[in-house]
Amino acid sequence: MQVCNVCSEQTPKYRCPACKIRYCSLGCYKKHKALFSSLFAESWSVDDLLHEDDIIDKVPLQRLQLLGQSKELRDLLCNPHLRQLLRSIDSADSKGDAMKAAMQEPLFVEFSDQCLKIVENEEKSLTYNEDGYL
C-alpha cells in the first residue's frame with residue numbers, strides 16, 4: 001500500500017503535476033508546493049546568499065536556475081527523507097555542521113552530486129563575458 005509522500009500517513013489520492021509525487025490532501029499539496037517553490041524560487045539571487053569576498057568560485061544565477069529544470073533533481077526531491085534533510089539544514093543554527101552531517105547520508109550525497117553535475121555540465125556549453133558571467 002502506498003502512503004502520501006508528504007505526510008507519510010494517508011493513502012495518496014493525487015499526483016503533483018510538476019514532479020509526480022503522490023499526496024493525500026490539499027494540505028499536503030500546499031506543503032509540497034511551498035517546499036518545491038522555495039527550493040527553486042526566482043526571487044533570490046546569488047548575491048543574496050553569498051558575498052564575493054567569501055568565495056573563490058561563483059556560479060552565475062543562470063546556471064543555478066538550470067537546477068529547477070532538472071527532472072533528475074525533481075525525482076530525487078520526491079523522497080521525503082531528502083526533503084527532511086534539506087529542511088533540517090535550512091533551519092539549523094550551524095549550517096556548516098548540518099551540511100557535514102548530511103554529507104554522511106548517501107541520499108544527500110546523490111542529491112549534491114546531481115546538483116554539481118548539472119551546474120558543471122552546463123559550464124562547457126555556456127558563453128561568458130569578461131567578468132565570467134553569461
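**Cores and helix packing in the predicted model**

In this predicted model, the largest nonpolar core holds 18 residues, and those touching the most other members are L67, L73, L76, L82, L86, F108 and F111. Four helices each give two or more residues to this core: α4 (71-76), α5 (80-91), α6 (95-102) and α7 (106-123). Of these, α7 supplies the largest share, with six residues. A good place to start looking is F111, whose contacts, leaving aside residues up to four places away in sequence, are L73, L76, L77, L82 and L86. A further core of nine residues lies apart from the largest one, and C4, I21, C28 and C78 are among its members.

The pairing of α5 with α6 is also worth a look. The two helices pack at an angle of about 160°, and their axes are 8 Å apart. Because angles over 145 degrees count as roughly antiparallel, α5 is roughly antiparallel to α6. On the α5 side, the contact is made by I89, D90 and S91, while α6 brings K95, A98, M99 and A102. By residue type, the contact of α5 with α6 comprises four nonpolar residues, one polar and two charged.

Towards the start of the chain, S8 deserves a brief mention for its backbone. This serine is found in the segment before β1 (14-15). The phi angle of S8 is near 60°, a positive value in a residue that is not glycine. As for its surroundings, S8 has a relative accessible area of 42% and so counts as partly exposed, since that class falls between the 20% limit for buried and the 50% limit for exposed.

Methods:
Residues numbered from 1 in each chain as written. Predicted model: local features only at pLDDT ≥ 70, side-chain atom pairs only at ≥ 80, totals over all residues. Heavy atoms only, no water. Buried < 20%, exposed > 50% of the residue type's maximum accessible area, 1.4 Å probe, protein only. Core = buried A, V, L, I, M, F, W, Y, C linked by side-chain atoms within 4.5 Å. Contact = heavy atoms within 4.5 Å. Axes fitted to C-alpha atoms, helices over the stretch in contact; angles between N-to-C directions. Parallel < 35°, antiparallel > 145°, perpendicular 65-115°, else oblique. Nonpolar A, V, L, I, M, F, W, Y, C, P; charged D, E, K, R; others polar.
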